[in-house]
Amino acid sequence: MTTPQDEASVRSALERALAEAQRTAPSVEPGDVRRRARRWWRRPRLDVTITIAVAAVLVLALASLLVGPLRPGHGHRGPRGTTRPATTPVPTGTMVEIYQPFTAAGTIDPDIDITAHAMGICFNGETSRTYRCFGNTVGDRNIFDPCFAGPQGTRAPLVCPGDPRSRTAVAFTATSVSAGAPSTATTPWAIELSNGTTCAFVNAAWGGLGPYDCQYWEPSSSPADCHVPQEGRPTWTVQCQTDKTDASPFTSYTVVTVWH
Amino acid sequence: MSEPEEEFDAFFRRVWGGLYAQAFVLTGSREVAQDLTQESLLRAWKHWARVADYDDPEGWTRRVLHNLCIQSWRRSRPRRFDPAGDAPGTVEVSDQHVLLAQAMRSLPGKQARALLLHDGIGMTISQTARDLGVPDGTVKSWLSRGRRIVALKLGTPSTEGR
C-alpha cells in the first residue's frame, strides 16, 4: 500500500518537473512541423515504384501458375495493394502505406535508423518481399518478423523494422534462407489504431488469437490483440480485445494507418 | 494559410508546452522530448482532417506521444548534462529530474502513464481509467504501486510497516 507521504512526494516531484519543463520548453513553430509532414509524404521515386510494380506482377504471375487463379473476395489475401505507390493517402480515411526502406540503388534508406545488427536464418514471410528471421539476440528479441529484402534479395542485409512509426530497424544478415515459393499475401504487416497503438501481424506461436499483436513493440499497450482489419472506404475498422484471452470482449477501433 | 492550417497551428501552440513537459518527464531528455513531441504533433497534422473532429484531439496526440516515449525507453536512457558532450545550447537536466525519469521508466508503461496523468497533470481516476482503457480499480492499484516505487527511487521511502 502507498502512504500519504509517498503520494505527496511523487506528486510534488512530478509537478515540479512538469512546471520546469513547460517553463523551459523550446520554441518550435507549427509551420516547421507541417513542413516535415510534406517531406514525410514525398512521393516515391518513379524508378522504385516501377521496380516494385514489375516485381509484384512477376510474382503474381508465378503464383497464378503454381496455385491457380486468385479469386477476389475469397478471404482477405487477394492480390490488392501490391502495386500501390509507397504512400497512398486516402482523404480523411485510413492511410495505406507501403514500407520502403531501400533506395533505388539498393542501399538502406538513410531515413531509417539502424539501431542494431543481427545474423541468422530466415524463412519466407507473409509477403513476397518479407522474411521471418531467427538470429542472435538484440535486446530481448531474437525473432525478427517481418524483415524486408531490397533489390539484392537476401544477399544484402534485410531491414527488420521496429514500430513502423519510429523509423528504427535492425539490419539482419541472412546466413541461409528456406526454400519454397514466396507468399503473395497482402495482409498489412502493421496497423495503427485511432488510440495511437500500433499492432504487428504475427504468424506463428500465437494461440489462435490475433493475428495482430498490439503488445509486440510495447508490452503495456491496449488493446492487446486484434483480428484482421476490415477494409473500408475511406476508413478501415478492426475488432480488438483488451486481454489476450478467449473471454475478452471485442471492441471496434478505427484504423488510422496500415502498412504493407 | 488555409483554415485547417490555422486551426492546427492554434492547437499546436495550445498543447506544445504541456506535451513537451510530459515527454520530458517520461524520457528524462530534453532533446528526445522535443523530437517525440514534434513527431506526435506531426502525426496529428497528418491525420488532422479526422483528429480535429475527435472530442479530444489533445488526448489522441497525448496517447501517441506517451506511446512514443515508452517505446523510446529501449533505445536510450536519461542522462545528466555533459558539458563536453552535449550539443551547444543544451539545457541542463537536474539530478532530481534524471532520477524521476529513471523511476518512471522502471514502471510498466501503463503504470507510468497512470502516474503522470493522475498525479502529474491532475486527471481524475475516471478520466485516467478512460484514457488508459482500464477499470477505475486498476488505475488505483497502479497508482498505489507506482507511487511506492517512484518514492523509493527518489529517496523518500514510505514509512509504512516499520
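## Around the end of helix 8 in chain B

Just past helix 8 of chain B, Gly155(B) has a positive phi of about 85 degrees. Positive values stand out a little, as most residues other than glycine have a negative phi. Keep in mind that this is a predicted model.

Helix 8 of chain B itself covers residues 136–153, and its length works out nicely: 18 residues at 1.5 Å a residue should span 26 Å, and the end C-alpha atoms are indeed 26 Å apart. Its buried residues are Val139(B), Trp142(B), Leu143(B), Ser144(B), Gly146(B), Arg147(B), Val150(B) and Ala151(B). What do these buried residues pack against? In chain B, the partners are helix 5 (95–105), helix 6 and helix 7 (125–132), and helix 1 (4–23) of chain A joins in too.

## Helix 6 and two of its residues

Helix 6 of chain B runs over residues 109–120 and holds Leu117(B). Is Leu117(B) buried or exposed? With a relative accessibility of 0%, Leu117(B) counts as buried. Setting aside residues up to four places away in sequence, Leu117(B) touches Arg62(B), His66(B), Gly122(B), Met123(B), Thr128(B), Asp131(B) and Leu132(B). One of these, Thr128(B), is eleven residues from Leu117(B) along the chain, and their C-alpha atoms are 6.2 Å apart.

Gln111(B) sits in helix 6 of chain B as well. Its relative accessible area is 7%, so Gln111(B) is buried. Not counting neighbours within four places in sequence, Gln111(B) is in contact with Trp142(B), Arg145(B) and Gly146(B).

## Chain B as a whole

Stepping back, chain B has eight helices and zero strands, giving the pattern α-α-α-α-α-α-α-α along the sequence. Of its 162 residues, 58% are buried. Take the contacts in chain B with a separation of 6 or more: 62% of them join residues 24 or more positions apart.

Helix 2 of chain B (residues 30–46) is another one whose length checks out, with 17 residues that should span 24 Å and end C-alpha atoms 24 Å apart. Helix 2 is mostly covered, with 13 of its 17 residues buried. Where it starts, a side-chain oxygen of Ser29(B) comes within 3.4 Å of the backbone nitrogen of Glu31(B). Arg30(B) has a ring for company: its charged end sits over the ring of Phe24(B), 4.7 Å from the centre.

## Nonpolar cores

In soluble globular proteins, nonpolar side chains tend to be buried together. Here, the largest nonpolar core has 55 residues, and Leu100(B), Met104(B) and Val150(B) have the most contacts inside it. Helix 1 of chain B gives the largest share of this core, twelve residues.

What does Leu100(B) contact, apart from neighbours within four places in sequence? Its partners in chain A are Ala13(A), Leu14(A) and Ala17(A), and those in chain B are Val25(B), Val150(B) and Leu154(B). There is also a second, separate core of 15 residues, which includes Val96(A), Cys214(A), Tyr253(A) and Val255(A).

## Aromatic pairs

How many aromatic pairs turn up over all chains? A search of the whole structure finds 13. In one of them, Tyr99(A) and Phe148(A) have ring centres 4.9 Å apart and planes at 50 degrees, so the pair is tilted. This pair links distant parts of the chain, 49 residues apart: Tyr99(A) is in the loop between strand 2 (95–97) and strand 3 (113–124) of chain A, while Phe148(A) is in strand 5 (residues 141–148). Both Tyr99(A) and Phe148(A) are buried.

Phe8(B) and Phe11(B) make a tilted pair too, because their planes lie at 45 degrees, with ring centres 6.4 Å apart. The two are three residues apart in helix 1 of chain B (residues 3–27), which means about one helical turn separates them. Phe8(B) and Phe11(B) are both buried. They belong to one aromatic cluster together with Phe12(B), Trp16(B), Tyr20(B), Trp45(B) and Trp48(B).

## Two cis bonds in chain A

Most peptide bonds are trans. Which bonds are cis here? One joins Ser222(A) and Pro223(A), with omega about 0 degrees, and Pro223(A) is in the loop between strand 10 (212–213) and strand 11 (225–226) of chain A. Another runs from Arg233(A) to Pro234(A), with omega near 5 degrees. Pro234(A) is found in the loop between strand 11 and strand 12 (236–241) of chain A.

How values were computed:
Residues are numbered from 1 along each chain as its sequence is written. Chains are lettered from A and ligands numbered from 1 in the order in which they are written. This is a predicted model: local features need pLDDT of at least 70, side-chain atom pairs count only at pLDDT 80 or more; totals for chains, interfaces and linings use all residues. Side-chain values use heavy atoms; hydrogens and water are left out. Helices (H or I, at least four residues) and strands (E, at least two) are DSSP runs, numbered from the N terminus. The expected span of a helix is 1.5 Å times one less than its number of residues. Buried means under 20% relative accessible area, exposed over 50%, partly exposed in between (1.4 Å probe, protein chains only). A polar contact is a pair of N or O atoms within 3.5 Å; within protein, one must be able to donate a hydrogen and the other to accept it, and residues adjacent in sequence count only if both atoms are side-chain atoms. Rings of Phe, Tyr and Trp (its six-membered ring) pair if their centres lie within 6.5 Å; planes under 30 degrees apart count as stacked, over 60 as edge-to-face and the rest as tilted. A charge sits over a ring if NZ of Lys or CZ of Arg is within 6 Å of the ring centre and within 35 degrees of the ring normal. Contact means heavy atoms within 4.5 Å. A nonpolar core is a set of buried Ala, Val, Leu, Ile, Met, Phe, Trp, Tyr and Cys residues joined through side-chain atoms within 4.5 Å.
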